[in-house]
Amino acid sequence: MKTERRNPLTTIFAKHFTRATVTDVEPVTPAVRRIRLVADEPLAPSYTPGQHVRIQINDPLSLRGLLQPGDTLRTYTIWDYAPRERAIELRAHLYGGDGIGLRWVESVRPGEPVTFWGPQGDFATRDADFHLFVGEETAACAFGPMIRALGEEARVYGVLESDRPGEELPLDGPHDLRRVHRHGASAVASPVLLAGLAALELPGNTGAAYVAGEARTCQLVRNYLVRERNWPRTSIKVKPFWAPGKRGLHH
């Protein structure tokens, strides 16, 4: 009897994927879009706020996928997870550029099928005296569910950057979240976000910090907290979601 030889990639990609249908697509702000997926099968009963899914944009087992594996999957943070409804809601940032992730967010419509992997990732809150969130629009998509899960009684501080007033992603809770704006300037190595953090009063350095967004800005924010505010590096969780010229990090 002839034994069938299987491509090892087939085994990898066959595991843990979920097929779903897009049911809703609508703007939340001028720069952020809401995308709701309903799975064909039951979802895992729980997830950790801050985790993401990986959406298949192009078939990873096609010729194009095998030759250009970086142009197959894109990562999006889960905004809301409803396993009873088999539903996942994403918040996707309409960043500048022409990448496959942006094209998918701009073109996807209700009724379209989607294959995804996840929930995945370890970007999550931990027990601490207080919590500090620093980042721009892409980071806010992850911060929203993380802050919501902490609850109104938690001590939460933050500096959240967007391009202009009116483009802020709404976040739950009566927390001390400072909003700053670039007004058309680059989000790379953002002096606006850093200045907002420098002006923020914090109750010390015994909290947990979550820094996300553009890679160079994340580095600057971490260095500032360590050198100027005497934060232990182990108390700062950094998640670079994107960098100029690098594809497929996050959205």
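Two cavities of 30 Å³ or more are found in this predicted model. A cavity here is a set of points, on a 1 Å grid over the protein atoms alone, where a 1.4 Å probe fits but cannot get out. The largest cavity has a volume of about 70 Å³, a volume being the space filled by probe spheres set on the points. Its lining, made of residues with an atom within 4 Å of a point, includes Val32, Glu137, Ala140, Leu160 and Arg179. The elements that give two or more residues to this lining are α4 and β8 (156–162), and β8 provides the largest share, 3 residues. By type, the lining holds 4 nonpolar, 1 polar and 5 charged residues.

Turning to the fold, a closed barrel of 6 strands follows the order β1-β2-β5-β4-β3-β6 with antiparallel pairing; strands are DSSP runs (E, at least two residues), and two of them pair if DSSP finds at least two bridges between them. From one strand to the next, the twist averages 45°. Within the barrel, β2 (residues 32–39) pairs with β5 (residues 87–93) in the antiparallel sense over 7 bridges, and Arg36 has Glu89 of β5 as its bridge partner. Helix α4 (residues 137–150; helices are H or I runs of at least four residues) packs on the sheet and touches β2, β4 and β5, with contact meaning heavy atoms within 4.5 Å. The direction of α4 makes about 30° with that of β4, where angles run from 0 to 180 degrees between N-to-C directions of axes fitted to C-alpha atoms.

Residues are numbered from 1 along each chain as its sequence is written. In this predicted model, local features need pLDDT of at least 70 and side-chain atom pairs count only at pLDDT 80 or more, while totals for chains, interfaces and linings use all residues; side-chain values use heavy atoms, leaving out hydrogens and water.

Definitions and conventions: On a 1 Å grid over the protein atoms alone, a cavity is a set of points where a 1.4 Å probe fits but cannot get out, and a pocket is an open set with protein on both sides within 12 Å along at least five of seven lines; lining residues have an atom within 4 Å of a point. Ala, Val, Leu, Ile, Met, Phe, Trp, Tyr, Cys and Pro count as nonpolar, Asp, Glu, Lys and Arg as charged, and the others, Gly among them, as polar.
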